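User: Hi, I'm new to reading protein structures and could use a hand with this one. Can we go through it one question at a time?

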Amino acid sequence: MQTNMRREIDEIPEAAARLLDRSKDAVKATGLALREKDPAFLVTIARGSSDHAALFLKYAIELTTGRPVASLGPSLASIYGAEMRLAGAASISISQSGKSPDIVAMAEAATKAGAVTIALTNTLPSPISQASTHPLDIQAGPEIAVAATKSYVNSIVAGLAILSEWTGDADLQRAVADLPVQFEKAVKLDWQMLAADLADAESLFVLGRGPALAIASEAALKFKETSGMHAEAYSAAEVLHGPVALVEKTFPVIGLAARDAAEGSVSGILDGLGAKGARAFVTSAKAKTAKVLPFVETGHPITDALALILPFYGFVESWSRSRGLNPDAPVALKKITETR
């Protein structure tokens with residue numbers, strides 16, 4: 001029987017196409033607001049998978065515009081009542097449900113502080129949309145599985161569409177428009193080669209750099225959520241500054257490399273770990289000793305990184321079921337988490 005999670009993974013290409021069609025006016029309006037504001041910096045407000053989407057957009061914005069992006073702790077508003085100085089800034093809040101009290105409180109605080117406030121949500125109207133100057137429906141459609149998949153991807157697609165409109169970057173605009181086609185390819189890729197080397201493992205690392213680090217963070221969370229597997233995400237460079245001490249013989253390490261300036265670095269680090277006996281996998285044809293996981297080349301370094309999450313989602317859903325678990329109902333988790 002097909003799980004809700006698998007069904008929603010398969011819906012990602014369609015959901016992305018729906019977003020790019022139905023929310024195009026909101027994307028244009030938000031891009032125009034950013035051009036008019038010309039923010040000196042941006043902040044993000046999110047938790048969980050949404051925060052991993054925010055991390056992806058942080059790298060995309062910094063690489064494309066040169067503007068620094070910082071993550072704000074939602075508790076600054078909801079618990080500490082801190083007053084932020086954001087008159088020259090823009091903020092991006094991401095919430096699938098649009099109603100987590102701490103995310104809403106921080107979005108309201110950013111609006112009151114004078115920022116251009118963008119809300120990416122799957123629920124309109126909602127408290128987060130009312131707290132923000134530019135709410136955008138990510139059009140993911142109903143998401144029943146507890147583990148977010150299509151809402152995570154569409155949050156990033158929405159952010160990239162806004163970024164391309166803001167900057168007028170023609171290459172990024174083309175790459176975003178082509179994402180539904182690329183996702184159709186990516187969702188069919190098979191990463192089952194991971195299964196044998198994870199069978200007796202108790203822990204693993206997922207590595208990446210740049211936007212792919214955000215994908216690694218999301219992958220590590222999904223291992224925990226759906227499979228009860230301890231996984232940690234690190235920068236492929238940062239892992240060498242201490243965490244590598246845990247990588248003993250047969251320790252699994254997955255490297256997520258996009259076709260970007262960091263690809264050689266990531267594949268080289270995974271090769272090095274593989275040479276030391278780690279069970280090393282990487283999404284790069286440049287690998288020499290690490291096992292190569294299949295990937296889609298989208299023609300743009302930023303969307304290349306995003307496409308990596310689709311075959312991973314397919315694998316982790318299957319991996320969860322193979323362990324006798326139900327990925328639709330992770331232990332001790334619920335679909336909407338409201339924090340203060």
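User: How many of the residues of E3 are buried?
Analyst: Keep in mind that this is a predicted model. Strand E3 covers residues 89–95, and its side chains go two ways: Ala 89, Ser 91, Ser 93 and Ser 95 point to one side, while Ala 90, Ile 92 and Ile 94 point to the other. In a regular strand, side chains alternate between the two faces of the sheet. Both groups are buried here, and the count for E3 is seven of its seven residues.

User: OK, and in what order do the five strands line up in the sheet?
Analyst: Let's build it up from the pairs. E1 pairs with E2 over three bridges and with E3 over five bridges. E3 also pairs with E4, over six bridges. Add E5, and the open, parallel sheet has the order E2-E1-E3-E4-E5.

User: Which strands stand at the edges?
Analyst: Look for strands with a single partner, because one side of each is then left without a neighbour in the sheet. That picks out E2 (69–71) and E5 (134–137).

User: Which residue in E4 is the bridge partner of Ser 95?
Analyst: Ser 95 is one of the residues in E3, and E3 runs parallel to its partner E4. Within that pairing, the E4 residue bridged to Ser 95 is Thr 121.

User: What handedness does the β-α-β unit of E3, H6 and E4 have?
Analyst: Start with the helix: H6 (residues 101–112) lies across E1, E3 and E4, at about 160° to E3. Put E3, H6 and E4 together and you get a β-α-β unit that is right-handed.

User: Now the helices: are H2 and H10 roughly parallel or antiparallel?
Analyst: Their axes come within 8 Å and cross at roughly 175°. The cut-off for roughly antiparallel is over 145 degrees. So H2 is, relative to H10, roughly antiparallel.

User: How many nonpolar residues are in the contact of H2 with H10?
Analyst: From H2 you have Ile 12, Pro 13, Ala 16, Ala 17 and Leu 20, meeting Pro 180, Phe 183 and Glu 184 in H10. Sorted by class, there are no polar residues, one charged residue, and the nonpolar ones number seven.

User: Last one: is Glu 218 buried or exposed?
Analyst: Glu 218 sits in helix H12 (residues 211–227). Beyond its close sequence neighbours, its contacts include His 52, Tyr 152 and Tyr 313. Its relative accessible area is 0%, and the cut-off for buried is under 20%. So Glu 218 is buried.

Notes:
Residues are numbered from 1 along each chain as its sequence is written. This is a predicted model: local features need pLDDT of at least 70, side-chain atom pairs count only at pLDDT 80 or more; totals for chains, interfaces and linings use all residues. Side-chain values use heavy atoms; hydrogens and water are left out. Two strands pair if DSSP finds at least two bridges between them. Helices (H or I, at least four residues) and strands (E, at least two) are DSSP runs, numbered from the N terminus. Contact means heavy atoms within 4.5 Å. Axes are lines fitted to C-alpha atoms, for helices over the stretch in contact, and angles run from 0 to 180 degrees between N-to-C directions. Buried means under 20% relative accessible area, exposed over 50%, partly exposed in between (1.4 Å probe, protein chains only). Angles under 35 degrees count as roughly parallel, over 145 as roughly antiparallel, 65 to 115 as roughly perpendicular and the rest as oblique. Ala, Val, Leu, Ile, Met, Phe, Trp, Tyr, Cys and Pro count as nonpolar, Asp, Glu, Lys and Arg as charged, and the others, Gly among them, as polar. A crossover is right-handed if, with the strands pointing away from the viewer, the path from the first strand over the helix to the second runs clockwise. Lists of a residue's contacts leave out its neighbours within four places in sequence.
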